[in-house]
Amino acid sequence: MLEALNLVVEVNNKIVINDVSIKVETGSITALMGPNGSGKTSLVYAIMGHPSYRILKGSILIDGLDYTFKPTHERALAGLFLVFQNPIELPGVSLESLIRSAVNKRLGKNDLLEHVPGLPDRILGEAKLIGLKEELVTRDLNIGFSGGERKRSEILQARVLKPKYLILDEPDSGLDVDGVRIIADYIKEVAYSNGGVLLVTHNPTLLSYVEPGIIYVMLNGRIVAEGGLEIADKIAREGYNWLR
Amino acid sequence: MAIELSKSLEHHEIEPVEYRKEIEIKGRLSRSIVEEISRVKKEPEWMRLYRLKALEAFEKFPSPRWLPWIESIDLDEIASYYVKPAASTVSNFDELPSEIRRIYERLGLPETYAKYLAGLLTALDSENIYTAMKDLLKKLGVIMLPMEEAIQKYPDIVKKYFGRVFPYTDHKFAALHHALWSGGVFVYVPRGVKVPYPVEAFFFIGSELEGQFEHTIVVGDEGSEITFIEGCSAPRLKRHSFHDGMVELYAHKGSRINFVTVQNWSRNIVNFNNKRGIAEDGAIIEWVEGSIGSKITVTYPSTILKGRGSKTTSTVIGISNGNVIKDTGSKIIHAAPYTSSRIISKSISSNGGINIYRGLVQVNKGALNVKSYTQCDSLILDDKSSSSTYPIEHIMEKDAEVAHEATTFRITEDQLFYMTSRGLSEKEAVSLIVLGFVKDIFPKLPFEYTSMLTKVIQLEFKEIGGVG
């Protein structure tokens, strides 16, 4: 289980997360909704350990172990993977070299750029499967990528690295219908193979497709509601005003 | 032909750069020391006289104002080194500084290799690949010998080129170099001979190639080709503090000389290196200058495009990690029509490191249809570090196409967060970005070399330094 307990988070001297607790169980899907600016991205950044997001109170537990003040890469190695809403451009670093380094790191290799047998084929196979142009695999990551290509590259990384806990920050934004379907299927696959999923989304279609076990709703840095799919339906019909 | 490069650098355009006062020169270098060096090396008369003339020039010349960073030079110390050459500072592997030993281990170098690098073995004769290479060069008629030996065996040909490209009259330290030179290698590639593999000279010539005042000459006769690799990317322990080496390249008509240096010396060395090549009609000179180690490196590989249609490229990589300074760049003199040049400089500054690029592109009167392109990329990893670019262009023909581009990259917190979220530590993420930043020069290097360089860079930023 991935847990945030009574989390209070500050960024630029402003409290952005205020006493938030959520639980992400393995084998199921947990969804996080909320209007723009309600703190959803702040919460996932804090869980992932972004250095600008200072945790003032509370704790983050991965499988019962305390990672509240552990660096980001240790959280990743403990099984967390964040699908970014806006994946950043990395000059000089390709999707292929990033994945190769991440795989070598997990294999305990010293030379992170060492050739990994079978990996190039694996990456190309995944690229084909999720509809990412082959040449993007060796190009500088996200530079000149369309929104949809960036999202596909995120999913490709996750599929190869096989995290235990998949965190997705609005994975459907900027994505075409086929792309949303690919992500939705992958989310279900992770949960089915006993991983945990934390899905941040506004998209009712995506939610009804993946059927989350629990939906949290955030507002002004707090969790203001939790429940089943009926919450998503109500938000789809009425917006967030009834929660204010 | 305008070859007074040191004068060119004193041009008013460069005034904003802060120069030191004159370099303080302590002690004296006597005539008898120079005579003694020549006698010990059993040199022919012409070389002895040549050294003495250089010494006179050294004494006469004013101390240069354009050599920044170096405050003083102790001639007594340099002289004593020649009188009583110290043996290697370590006598067995265990006495090596632990950080160097550890790096050798982490690089996965075979023990004989590591011992050789540490100066504990004088030759790698047992390694078959080097024997095979030596045989091949012999078969092709290529001369490749330590300079001292070449002077004994091929005096006429050495005399023809020694000091021809970089004369002692150029500046005070060129004169000092010519008076005191010792070590280095002489290479002559006969007409039409193309050496099919890069020659890693370090493993043939050994420590002599990296003397304190080593003098290296590579001559490509008409239509010949060679890639010559000087130095080694693995860290090297050096005993003397001031290094004043020289490289002269002479590319005859239609020949091609690629000269690759990767220097990773210990962090107490001042490395001042004089590198210059002349390219005749249709010849090509390619410099690759990679500078990882040393405390201060001052070197500007230069090419005089003397012949019509000659070409040159300079690829300069400076890594300043920690309290070190790399003052590098390149100088190109277009002295003939239809000549072209390309300079690519990549610098990485971190942990307070300083990188400076100084470049000169000169197009002489009468050099029509010239093309030149300079690209300076700087990667700065933290606020303590810096990078500056000082390109100078002297263009005396209107139709010259001369372009300069400079870019500066900084690594953002969000980029590091992204990469660390994939499981890489911050330092590993930085080393991956650094490697990505320099990777477009890798195709210029032989594969074994890039794989070693890759490991060295990863270690440099992963273990010793890096941010955080």
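Among contacts in chain B between residues at least 6 apart in sequence, what share joins residues at least 24 apart? It is 85%. Keep in mind that this is a predicted model.

Let me stay with chain B for a moment. Chain B has 468 residues, and 52% of them are buried. Its secondary structure comes to 14 helices and 20 strands.

Now, the interface. On the chain A side, 28 residues are in contact with 22 residues of chain B. Which elements of chain A each supply at least two residues to that side? Helix 2 (72-77), strand 7 (90-94) and helix 3 (95-106) do. Helix 3 of chain A gives the largest share, with 6 residues. As for chemistry, the side of chain A that touches chain B holds 16 nonpolar, 9 polar and 3 charged residues.

Next, the sheet in chain A. It is open, it has 6 strands, and the pairing is mixed. Read across, the order is 6-9-10-3-11-12. Why do strand 6 and strand 12 of chain A each have one side without a neighbour in the sheet? Strand 6 (80-83) and strand 12 (222-227) stand at the edges, each with a single partner strand, so one side of each is left free of a sheet neighbour. On average, neighbouring strands in this sheet are turned by 20° against each other, direction ignored.

Look inside the sheet. Strand 3 (residues 28-33) and strand 11 (residues 214-219) of chain A run parallel, joined by 4 bridges. One residue to find on screen is A:Leu32, whose bridge partner in strand 11 is A:Tyr216.

Helix 1 (residues 40-48) of chain A packs on this sheet. Helix 1 touches strand 3, strand 6, strand 9 (165-169), strand 10 (196-200) and strand 11 of chain A. Its direction makes about 150° with that of strand 9.

Last stop, helix 5 of chain A. Helix 5 covers residues 147-161, so to speak, 15 residues in total. From first C-alpha to last, helix 5 reaches 22 Å, close to the 21 Å expected at 1.5 Å a residue. Which residues of helix 5 are buried? Among them are A:Arg150, A:Lys151, A:Arg152 and A:Glu154, along with A:Ile155 and A:Leu156. And what covers the buried residues of helix 5? The cover includes strand 6, helix 3, helix 4 (119-130), strand 9 and helix 6 (177-192) of chain A. Just after helix 5 comes A:Lys162, with a positive phi near 50°.

Definitions and conventions
Residues numbered from 1 in each chain as written. Chains lettered and ligands numbered in written order. Predicted model: local features only at pLDDT ≥ 70, side-chain atom pairs only at ≥ 80, totals over all residues. Contact = placed C-beta atoms within 7 Å. Nonpolar A, V, L, I, M, F, W, Y, C, P; charged D, E, K, R; others polar. Pairing = 2+ DSSP bridges. Axes fitted to C-alpha atoms, helices over the stretch in contact; angles between N-to-C directions. Expected span 1.5 Å × (residues − 1). Buried ≥ 20, exposed ≤ 12 C-beta atoms within 10 Å, placed from the backbone.
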